[in-house]
Amino acid sequence: MKKNFIKKIFIQIVFTLITLSSIFAKEYTITKHDGAMFWTIDSTDSQGDPSRIYVLGTIHLADSSIYPVPQFILDAWNDSDKVYGEISSKDWKNYTAQFTSHILKYVINDGFDIETKLTEDEIKILKEITGSNYMNFKKFEPWILLSATAGSSYKESSISAEYSYDVFFINKAKEEGIEMLGLDPLKTQLNILSYGTREIQIALLKDALNSIKDKTSAADELEKLYEAYKSFDENKFTEVYYTQMKKEIERQSVYKDYYKTMLDERNEKWAKKFEQILDDGGVTFIFAGIGHFTGKNSVFALLEKEKSKAKDIEAYNTIKEKKQPNPYEY
């Protein structure tokens with residue numbers, strides 16, 4: 001008798017939780033627009049009124065061929081109540097001071113010399129890149145040298161950061177006096193720059209230097225990625241992006257955890273932020289790196305999973321109660 005009573009109570013609690021979940025589960029309609037890496041997410045806010053997010057996937061290196069910005073993107077910008085970039089206007093203003101403060105935490109104080117871990121060719125490339133500042137860079141942990149090499153891989157390419165949509169919309173927000181909000185706190189972005197132990201940073205630095213050594217290959221990879229972006233086909237971009245990522249992981253296994261930190265973990269946080277933005281209501285314009293909006297662990301994929309959960313719960317509620325098997329029996 002006691003067992004039956006407990007069982008009934010348990011079933012009632014489970015079905016109550018399922019019912020409540022279906023009431024509060026939010027649905028999302030995600031629409032891809034032609035002519036850009038641009039999406040609309042439609043849902044409802046906490047009051048049940050329509051809410052919307054415009055999402056522009058950016059690429060951080062570009063050229064003039066992506067201009068002028070399509071009018072429907074500018075219309076979406078003008079239609080929005082709020083704007084989000086990867087970091088906020090406030091953090092952009094404080095970036096130089098915060099970056100300086102951050103790197104000062106990474107001054108080498110145990111006598112380590114990066115040259116003991118590099119080949120003569122790798123040291124030569126570093127000296128060519130950093131010039132007269134080489135000895136100063138050596139005073140810091142390897143990620144500082146890695147950051148210094150970042151621009152060298154695309155010197156042979158026609159693309160640069162100044163033409164990116166990120167720069168365009170950051171400047172547009174500044175010109176229009178719009179206080180841009182951030183998907184990440186600045187600390188998150190700085191921690192990505194200084195990712196990993198010294199050994200991991202050395203492995204990433206050596207890989208970057210070897211890529212720079214093969215100038216044609218590095219430039220070709222960047223051009224392929226950029227052309228995929230300009231196709232405005234998210235499937236094509238995903239194929240190129242993740243193929244290149246796979247090659248990097250095969251060269252250096254440390255990239256696997258690096259990309260998990262840089263993409264997957266941030267995507268999970270961003271998906272929750274998107275949910276909150278939709279719940280708050282209104283119309284929001286978001287621009288951020290396209291890599292966060294493609295692939296199986298993208299922000300969109302995570303939102304779709306939430307929608308699937310809602311549908312599964314709804315379907316489950318329509319099933320008549322029946323005897324459940326004992327999970328502890330074999």
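This note goes through the sheet, the cores, one loop residue and the salt bridges of a predicted model.

1. The sheet as a whole. In this predicted model, 6 strands make up an open sheet whose order is β1-β2-β3-β6-β4-β5, with mixed pairing. At its edges stand β1 (29-33) and β5 (181-182), each of which pairs on one side only. As general background, the strands of a sheet pair through backbone hydrogen bonds, and they do so either parallel or antiparallel.

2. From β1 to β2. These two strands run antiparallel and are joined by 5 bridges, and one point at which to find the pairing in the model is T31, whose bridge partner in β2 is T40. The two strands form a hairpin with 4 residues between them, and in the turn G35 has a positive phi of about 85°. Strand β2 (residues 38-44) is largely enclosed by the rest of the structure, because 5 of its 7 residues are buried.

3. From β2 to β3. On going further along the sheet, one finds β2 paired with strand β3 (residues 50-58) in the antiparallel sense, over 7 bridges, and here W39 has V55 in β3 as its bridge partner. This hairpin has 5 residues between the strands, and G48 takes a positive phi near 90°.

4. From β4 to β5. Strand β4 (residues 82-85) runs parallel to β5, and 2 bridges join them; G85 has its bridge partner in β5 at G182.

5. The nonpolar cores. The largest nonpolar core holds 59 residues, of which I41, F169, F237, F274, F285 and F293 touch the most other members. Helix α13 (residues 254-280) gives the most to this core, namely 10 residues. Apart from this core lies another, of 13 residues, which includes I114, L126, Y134 and L209.

6. The surroundings of F293. When neighbours within four places in sequence are left aside, F293 is in contact with W39, V55, L56, G57, W270, F274, A288, S298, V299 and F300. Two of these contacts, W39 and V55, are also the bridge partners named above for β2 and β3.

7. A residue in a loop. S194 is placed in the loop between α9 (186-193) and α10 (198-213), and it is nevertheless buried, with a relative accessible area of 7%. Outside its neighbours within four places in sequence, S194 is in contact with H102, Y106, W143 and Q201.

8. Salt bridges between distant parts of the chain. The whole structure contains 12 salt bridges. One of them brings together the side chains of R266 and E86, at 3.1 Å from N to O; the pair links helix α13, where R266 lies, to the loop between β4 and α3 (89-93), where E86 lies, 180 residues apart. Both R266 and E86 are buried. A further salt bridge joins the side chains of E122 and K206, at 2.8 Å from N to O, and it links helix α5 (residues 120-130), which holds E122, to helix α10, which holds K206, 84 residues apart. E122 counts as buried because its relative accessibility is 5%, where the cut-off is under 20%.

9. A salt bridge within one helix, and a network. E227 and K230 form a salt bridge in which the closest N and O atoms are 3.5 Å apart, and both residues lie in helix α11 (residues 215-230), 3 residues apart, about one turn of the helix. E227 is partly exposed, with a relative accessible area of 42%, and K230, at 23% relative accessibility, also counts as partly exposed. Elsewhere, E86, D184 and R266 are joined into one network by salt bridges that share partners.

Technical notes:
Residues numbered from 1 in each chain as written. Predicted model: local features only at pLDDT ≥ 70, side-chain atom pairs only at ≥ 80, totals over all residues. Heavy atoms only, no water. Pairing = 2+ DSSP bridges. Buried < 20%, exposed > 50% of the residue type's maximum accessible area, 1.4 Å probe, protein only. Contact = heavy atoms within 4.5 Å. Core = buried A, V, L, I, M, F, W, Y, C linked by side-chain atoms within 4.5 Å. Salt bridge = Lys/Arg side-chain N within 4 Å of Asp/Glu carboxyl O.
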